[in-house]
Amino acid sequence: MTGLFDELGLNKKLLLALKESGYTVPFPIQEKAIPIILQGNDVIGQAHTGTGKTAAYSLPILMKIKNARSAQALVLVPTRELAIQVAKEMNKLAKYTETKVAAIYGGQNMRNQIIRLERGIHIIVATPGRLMDHIGQKTIYLDTIDFVVLDEADRMLDMGFIEDINYILSKVKHKKQLCLFSATILPEIIEISKRYMKNPIHVTVNQNDITLKTIEQMYLIINEKEKYNHLCNLIKQSNNNQMLIFTSTKQKAEELATNLRKKE
């Protein structure tokens, strides 16, 4: 990481938002992917969560958005938690632009989403299931979309969204730029790239750039039913006063917190 954001071809409004957010030096995935996406190329980015990939595709999208009221970019994500997170990040980066971003996901009032869409949205961040609902009810049309991102594509495939993804991409009739980000490149991802992408450029984050040398990392492969007991034993054995635990969804985080309080 040797460059600066102002060397990547971003405009002053985005650079100001980055500066106010405390970002000065781009992560490797950003430094590699942003110029390539700005040039209009399709991209397959192999990067894990926490490597800065959201900004890697968000900043080029925000550069390309026109002032028209129509939706011009679609970001597909596997969960509502990620939809909220990505939309929040994009809105923060779009602070000094007129670009409007909406998170569309299940569990949220459908009518409220429709009202938001009717007011005019430039970027839609959506989970496949809820987007399919809107397409079916004709409250979202994808014929004006010219930029599509599949974020955490491997997770979406693991969750059984392959048919939804194919249907959604088939509805994007406009000549589009497609970017796909995934921690692992599965055969299904290769198939998607062959079907929908135009000479995609592969961008990979070096494993050494993902982790800090000062952090010791270990992993344990166990049965899903045994995870909770192993976690409790790990907490008991730890000499630390504080511990940070990540879960895949908000619901699982709340359930885990409740169960751990009961064991105090």
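**Notes on a predicted model**

1. Leaving aside neighbours within four places in sequence, H134 touches quite a list of residues: I104, M110, Q113, I114, L117, T139 and I140 are in contact with H134. Bear in mind as you read on that this is a predicted model.

2. Where does H134 sit? H134 belongs to helix 6. Is H134 buried or exposed? The relative accessibility of H134 is 0%, so H134 counts as buried; the cut-off for that label is under 20%.

3. Stay around helix 6 for a moment and look at K138. K138 is found in the loop that runs between helix 6 (128–136) and strand 5 (147–151). Its backbone is worth a glance: K138 is not a glycine, yet K138 has a positive phi of about 60°. Most residues other than glycine have a negative phi. As for the surroundings, K138 is exposed, with 58% relative accessible area.

4. Now go to N199, another loop residue to check. Which elements flank the loop that holds N199? They are helix 9 (187–196) and strand 7 (201–204). N199 is not a glycine either, but N199 has a positive phi of about 45°. With a relative accessibility of 71%, N199 counts as exposed.

5. How many aromatic pairs are there? The count comes to one aromatic pair. The partners are Y57 and F181, with 5.5 Å from centre to centre and 50° between the planes. That makes the pair tilted, because tilted covers what is neither under 30 degrees (stacked) nor over 60 (edge-to-face).

6. What does this pair tie together? Y57 lies in helix 3 (residues 53–64) and F181 in strand 6 (residues 177–182), so the pair links parts that are 124 residues apart in sequence. Both partners, Y57 and F181, are buried.

7. Finally, have a look at the surface. Which residues make the nonpolar surface patch of about 310 Å²? They are L234, I235, M243 and I245. Take L234 from that group: L234 lies in helix 11 (residues 227–237). L234 is partly exposed, at 48% relative accessible area. That value is over 30%, so L234 passes the accessibility cut-off for patch residues.

Key. Residues are numbered from 1 along each chain as its sequence is written. This is a predicted model: local features need pLDDT of at least 70, side-chain atom pairs count only at pLDDT 80 or more; totals for chains, interfaces and linings use all residues. Side-chain values use heavy atoms; hydrogens and water are left out. Helices (H or I, at least four residues) and strands (E, at least two) are DSSP runs, numbered from the N terminus. Buried means under 20% relative accessible area, exposed over 50%, partly exposed in between (1.4 Å probe, protein chains only). Rings of Phe, Tyr and Trp (its six-membered ring) pair if their centres lie within 6.5 Å; planes under 30 degrees apart count as stacked, over 60 as edge-to-face and the rest as tilted. Contact means heavy atoms within 4.5 Å. Patches are made of residues with over 30% relative accessible area and no salt bridge: like charges are joined within 9 Å, nonpolar side chains (Val, Leu, Ile, Met, Phe, Trp, Tyr) within 5 Å. Accessible areas come from the Shrake-Rupley method with a 1.4 Å probe; for residues, only the protein chains shown count as cover. A salt bridge is a side-chain nitrogen of Lys or Arg within 4 Å of a carboxyl oxygen of Asp or Glu.
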